[in-house]
Amino acid sequence: NQPFFGGIGGGERSNTAFTIPQEAIKEFQVVASGYSAEFGRSTGGLVNAITKSGTNTPHGSAFYVNRNKSWATKNVFDQNAAPTQHQFGGSFGGAFIQSRLFYFGAVELQRLKNTRNVVFSLTGIDATNPDTAEGYRYFKALEEPFDATNDAEALLGRIDFQMSTGSRLALRYSYSNNNAKNANATGNAL
């Protein structure tokens, strides 16, 4: 509900950080316009997500995604077109007491390393001019690659109690952590 960047309140925009494990999502709804006043301060729309809960029959899932930089071709700057990313996790749910007390848990982890380059725009500087050549060489020598990481963890735990009145009491715990060395919020690989 952060109005300027369209991100979550208190956060910064990022396309690779997550707060809820994907295995915990039961259903979601995207509303682009026409939402009620309770969702004020939203400029670009909103996403409503419902998390899973346990069932009488134990169920689980697991996944692993490996996007390796060596599997992609180089771009015009001789960089890897896609960074190496490992994303994995799973979920498990069931019942402590049949039809009364349920449990559910999900976890997701991401390990991402992206090589970026420092590039100075030296347009209009004549490298052969004695007055500017030293400055040109200095800045060109600073152009070098560096690694940016985006290591994230998210977990969700949930306990549901089905009351005899047909109501349900739910207790949910969410945890999210993101460690992004040399990260930036805008820009591209240069």
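Strands are DSSP runs of E with at least two residues, numbered from the N terminus. The model is predicted, with local features requiring pLDDT of at least 70 and side-chain atom pairs counted only at pLDDT 80 or more, while totals for chains, interfaces and linings use all residues. Residues are numbered from 1 along each chain as its sequence is written, and side-chain values use heavy atoms, with hydrogens and water left out.

Strand β5 spans residues 101-117 and includes E108. E108 is buried (under 20% relative accessible area, against over 50% for exposed and in between for partly exposed; 1.4 Å probe, protein chains only). No salt bridge is formed by E108, the criterion being a side-chain nitrogen of Lys or Arg within 4 Å of a carboxyl oxygen of Asp or Glu. R111, the nearest side chain of opposite charge, is 10 Å away; Lys and Arg count as positive and Asp and Glu as negative, with His and the chain ends not counted. A polar atom of the E108 side chain lies 2.7 Å from the backbone nitrogen of Q22. Beyond neighbours within four places in sequence, the contacts of E108 (heavy atoms within 4.5 Å) include F18, I20, P21, F63, F88 and A152.

The loop between β4 (84-97) and β5 contains S99. Although S99 is not a glycine, its phi is positive, at about 60°. S99 counts as partly exposed because its relative accessible area is 42%.

Strand β7 (residues 151-162) contains I159, which is partly exposed because its relative accessibility is 40%.

Definitions and conventions. Helix = DSSP H or I, 4+ residues; strand = E, 2+ residues; numbered from the N terminus. Polar contact = N/O pair within 3.5 Å; in protein donor to acceptor, adjacent residues only side chain to side chain.
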